[in-house]
Amino acid sequence: MKAVFSLFLDIIFPCSCVSCGDLVPSYRNYLCGRCQSQLKVAHNSCQICSGLLYNGRCLICSDRKFYPSKNISLFNYCDVSRAAVHSLKFEGIRGVHRVFIPYICERIGDFDRKIDIVASVPMNRDKYIKRGYNQSELLALGVSRKTGIEYAGILKERKNSAQQRSLNYSERFINVIDRYETVNNNKFRNKVILLIDDVFTTGATVNECSRKLILSGASRVFSITVVRSDLKKLENV
Ligand SMILES: [Zn+2]
Ligand SMILES: [Zn+2]
C-alpha cells in the first residue's frame, strides 16, 4: 500500500535531484543514480582523522591533539556532495540525509572497537527552531535505526555561539572552545561513542565535542562525517 501511495505521489509531485535537477522517484531520496555514482570516496586521507594529506602530512592532527580515536570522512567535496549537503542544511530538504545512512553504516566496522552509543553534533535551540531539524541528528538517528545501536542525546550547544562558516582555520578552533556541553552523562560513562556530523573541514567541531565527552567519562569517541571539505580552500558548504 505504501509503495502504491508513493508511486501516486511521484506522479503528481515528482521530486527533483538536488544536484542536477532531474526528476527522481521518492525512493532515491532526492539524488539521482547518476549523481550518486559521482560521489567520490575521500582519498589520500590521514589514517587518524581522514584529513587530506599534503605531501604526506596531515595538517589537522599532526600539530594538534585530536580527541577522537579515529574519524572517517566518507566523501570528497565535489559538486554532488556539496549540493546534497547544502540542500540538507540550508534548503530544508531533510530527506536527502537518507542517501548517506547506508554509507555510514558500512564504515562502522572499520573501527577497532564495538560502538555502544551513536550521538550527533548538537544544534542550539534557536537554530533548531529556525531549521526545523538538526541534520547531524537525522543522520545519527537513521544509523541507530539501521544498526540497532542506541542513539543518545548527550551533547548540547550553548546559545548564541558564533557560526564556524565565516571563520578561518585558527579562529574555528578558538570559536568552538566550550561551545558544547555534555548532558545525560550516565548514558555514556565508560562507553564507546560514535559521533556523527555532516561536514569535516578543520575537524574543530568534532574534536571539541569529543574532548568534552572524554573529559566527562566516555571511554572512546570515534566519528564519521559525510563530506570532507578541502582545508586549504576552507570553502563553506
Ligand atoms: Zn542528479
Ligand atoms: Zn590527521
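**Exercise 1. Describe the open sheet of five strands, giving its strand order and its edges.**

Solution. In this predicted model, where local features need pLDDT of at least 70, side-chain atom pairs count only at pLDDT 80 or more, and totals for chains, interfaces and linings use all residues, the order is β5-β11-β10-β6-β7 with parallel pairing. Residues are numbered from 1 along each chain as its sequence is written, while chains are lettered from A and ligands numbered from 1 in the order in which they are written. Strands (E, at least two residues) and helices (H or I, at least four) are DSSP runs numbered from the N terminus, and two strands pair if DSSP finds at least two bridges between them. The edges are β5 (70–76) and β7 (150–151), each of which pairs on one side only. Strand β6 (residues 117–120) pairs with β7 in the parallel sense over two bridges, and Val118 has Tyr151 of β7 as its bridge partner.

**Exercise 2. Determine which strands helix α9 touches, and how many of its residues are buried.**

Solution. Helix α9 (residues 204–215) packs on the sheet and touches β5, β10 and β11, where contact requires C-beta atoms, placed from the backbone, within 7 Å. Nine of its twelve residues are buried, so α9 is largely enclosed by the rest of the structure; buried means that 20 or more other C-beta atoms lie within 10 Å of the residue's own. Among the buried residues are Ala204, Val206, Cys209 and Leu213. After α9 comes Gly217, whose phi is positive, near 115°.

Terms used: Two residues are in contact if their C-beta atoms, placed from the backbone, lie within 7 Å. Axes are lines fitted to C-alpha atoms, for helices over the stretch in contact, and angles run from 0 to 180 degrees between N-to-C directions.
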